[in-house]
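Take a look at the model below. The report starts at the ligand and then moves along the chain.

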Amino acid sequence: MFTPDRKHHSLKNRFGKRTTLLQSLAVFGLLSASPVMAADGPGLGKPIDEAQLQGWDLIVQPDGTGLPEGSGTGAQGQAVYEQKCAACHGMQGEGMPGVPALAGGSLTTTPPLMTVGSYWPHASTIYDYVRRAMPPLAPKSLSNTEVYQVTAYVLQLNGIVERDFVLDSTSLPKVKMPNSGNFIDRSQVQQ
Ligand code: HEC
């Protein structure tokens, strides 16, 4: 019979074995590939230069790392939002079937409505996500300034910042999201 403890160990062992198998496969793959790599290579792909790389290196972290130059207010962001976002997300961020609401919502209703305002712990995620993914038919089409502006407007629609609050790389990480205290940061936990 398994006690919870023994079960835990057996899972761990199985995981351990699987890792070892993967590692051996990786090593084997590398070894068997090296004669090919030692020659001129398969001739696929082309080197990426620094400027192109910057178009992909777009991660923004909660502490503000990765935020670009520029700034914007909700007052400026309203026009961007109404032209490029409202058709899907609604004039007030209320969403529509198949498109999430960006404003309002509550975690205490049944069912809870999880929005950027009611749920997301970091304002940086709005910048990060919008810059890389929105609008879905033209991702990365907004300028960094437009992303600051529209992020400020989404925060304004949620009543988190005032219409004239200037969002930039210094102020954005300091914006306190209503649900920020309700997450456990496990990123530093060693397994
Ligand atoms: C063509 C319709 C469309 C347009 C235009 C659009 N979005 Fe979205 N947006 C979506 C859909 C659909 C999702 C959900 C994507 C998913 O979950 O994979 C989404 C998700 C989001 C989210 C994440 C919401 C959440 O709670 O997960 C944000 C933030 C967002 N959009 C902001 C914007 C902003 C800002 C603009 C304008 C610059 C914009 N969107 C334009 C359709 C759209």
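## Around the ligand

The ligand is surrounded by 20 residues, and the closest are K84, C85, C88, M134 and P135. A residue counts as near a molecule if its C-beta atom, placed from the backbone, lies within 6 Å of it. Three elements give two or more residues each to this shell: α4 (86-89), α5 (124-133) and α6 (144-157). Helices are DSSP runs of H or I with at least four residues, strands are runs of E with at least two, and both are numbered from the N terminus.

The shell divides into 17 nonpolar residues, two polar and one charged. Here Ala, Val, Leu, Ile, Met, Phe, Trp, Tyr, Cys and Pro count as nonpolar, Asp, Glu, Lys and Arg as charged, and the others, Gly among them, as polar.

This is a predicted model: local features need pLDDT of at least 70, side-chain atom pairs count only at pLDDT 80 or more, and totals for chains, interfaces and linings use all residues. Residues are numbered from 1 along each chain as its sequence is written.

## Helix α5

Which residues of α5 are buried? They are S124, I126, Y127, D128, V130 and R131. A residue is buried if 20 or more other C-beta atoms lie within 10 Å of its own, exposed if 12 or fewer, and partly exposed in between, with C-beta atoms placed from the backbone. The cover over these buried residues includes α6.

## Backbone details in the loops

Two peptide bonds are cis, and each leads into a proline.

| Cis peptide bond | Omega | Place of the proline |
|---|---|---|
| T110 to P111 | near -5° | P111: loop between α4 and α5 |
| M134 to P135 | about -10° | P135: loop between α5 and α6 |

M134 and P135 are also among the closest residues to the ligand. K140 lies in the loop between α5 and α6. K140 is not a glycine, yet its phi is positive, at about 65°. Is K140 buried or exposed? K140 is exposed, because 12 other C-beta atoms lie within 10 Å.

## R163 and its contacts

R163 sits in the loop between α6 and β2 (167-168). R163 has 13 other C-beta atoms within 10 Å, so it is partly exposed. Leaving out residues up to four places away in sequence, R163 touches T73, G74, A75 and Q156. Two residues are in contact if their C-beta atoms, placed from the backbone, lie within 7 Å. R163 and G77 are 86 residues apart in sequence, but 9.3 Å apart in space, C-alpha to C-alpha.
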